[in-house]
Amino acid sequence: MLGARFRQAVQAVASASTSSRPLHTSSVLHAKRAATVIRKENILKQAKRAKEELSDRPSVVLGTRPSEEATKWPNCLLAKVIVDEEALFRGDIPPPPPVNPSTLNLNEAPEIPKNLAFGVGEEEKEILFNTLPSLSVDATLAPGTGRLGTGTHLVSEQRREEARKRELLKVQHLSRVVDLRNTNAAGLAFENRRRIILAFSTPENPFDPGRAEVQAALKTYQIRKLWKHLTTFRRDVGNRLGLRKLVHERAKILRYLRNKNRDRYETLLEQLALEPEAVEGELVV
């Protein structure tokens, strides 16, 4: 009796297995293979997307994304304030022509360099190159003064032209002396620091080196200058520690400004071409 029941159970299992066999068709196997291929493609796409996001992550040092560095940095306030060292010393800005007294044209204004050193601003430039030469001509042609004075109020036009020509020569010589292209690297750095302090100070205190915005801008200028040096001289290991210190000091200043005034903080990030992800959180340099 038990043997008959056992045979019936075996037959039932065999019939069930033969009835389920038609479900394993080629279409089902093809669907499984297609799903496996799609799953692998999605994994590869996710890995590629994660790699692209990682490669375009904001730089902790420069503060910008690699894809936006060429456009975002030149348009920020800091880049417009400082003098481009490459353009200054590599001939992008032509030097002033040599002074030739025989070819001076009194009807043409003297050529003034675009970038002046030694703190010569717009007001000082107006005084040095316009006001003082005119006063010198009048003082030279005054009655009883100098070798051009005649003792009378009537001065010949020839003598006036000689005085103007002499003052024009002085102006051109002075323009070559105060030209920023005559300075060295230390002088250029001093001029850039002066410009940064003036640009990031407030109208109430136009020269405020202790302001948070000024300090952050100065740190950013130093960081970019040192980073450019390290990318050129990769074996200069000694300056890498200094670069790390500058990055963390800038982060402390920005963190202080963020806690004090959020609007000033966000405005400063735009002026320095910095992404919030580059200066917030744990900095690993």
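**Exercise 1. In which helix is Leu132 found? Then work out its exposure and its patch.**

Before you start: this is a predicted model, where local features need pLDDT of at least 70, side-chain atom pairs count only at pLDDT 80 or more, and totals for chains, interfaces and linings use all residues. Residues are numbered from 1 along each chain as its sequence is written, and side-chain values use heavy atoms, with hydrogens and water left out.

Step 1. Look for Leu132 in helix α6, residues 122–140. Helices here are DSSP runs (H or I, at least four residues; strands are E, at least two), numbered from the N terminus.

Step 2. Check the cut-offs: buried means under 20% relative accessible area, exposed over 50%, and partly exposed in between (1.4 Å probe, protein chains only). Leu132 has 39% relative accessibility, so it counts as partly exposed.

Step 3. Leu132 joins Ile127 and Leu135 in a nonpolar surface patch, with about 250 Å² of accessible area together. A patch like this takes nonpolar side chains (Val, Leu, Ile, Met, Phe, Trp, Tyr) within 5 Å, from residues with over 30% relative accessible area and no salt bridge. A salt bridge is a side-chain nitrogen of Lys or Arg within 4 Å of a carboxyl oxygen of Asp or Glu. The areas come from the Shrake-Rupley method with a 1.4 Å probe; for residues, only the protein chains shown count as cover.

**Exercise 2. Is Leu246 buried or exposed, and what is it in contact with?**

Step 1. Find Leu246 in helix α10.

Step 2. Its relative accessible area is 13%, so Leu246 is buried.

Step 3. Skip neighbours within four places in sequence, and you get contacts with Lys219, Gln222, Ile223 and Leu226. Contact means heavy atoms within 4.5 Å.

Step 4. Now take Leu226: it sits 20 residues from Leu246 in sequence, and 9.6 Å away in space, C-alpha to C-alpha.

**Exercise 3. How many residues does the largest nonpolar core have, and which helix gives the largest share?**

Step 1. A nonpolar core is a set of buried Ala, Val, Leu, Ile, Met, Phe, Trp, Tyr and Cys residues joined through side-chain atoms within 4.5 Å. The largest has 26 residues, and Trp73 and Leu272 are among those with the most contacts inside it.

Step 2. At least two core residues each come from α4, α8, α9, α10 and α11. The largest share, six residues, is from α9.

Step 3. Zoom in on Leu272: leaving out residues up to four places away in sequence, it touches Trp73, Cys76, Leu78, Phe200, Ala216, Ala217 and Thr220.

Terms used:
Patch = residues over 30% accessible without salt bridge, like charges linked within 9 Å, V, L, I, M, F, W, Y side chains within 5 Å.
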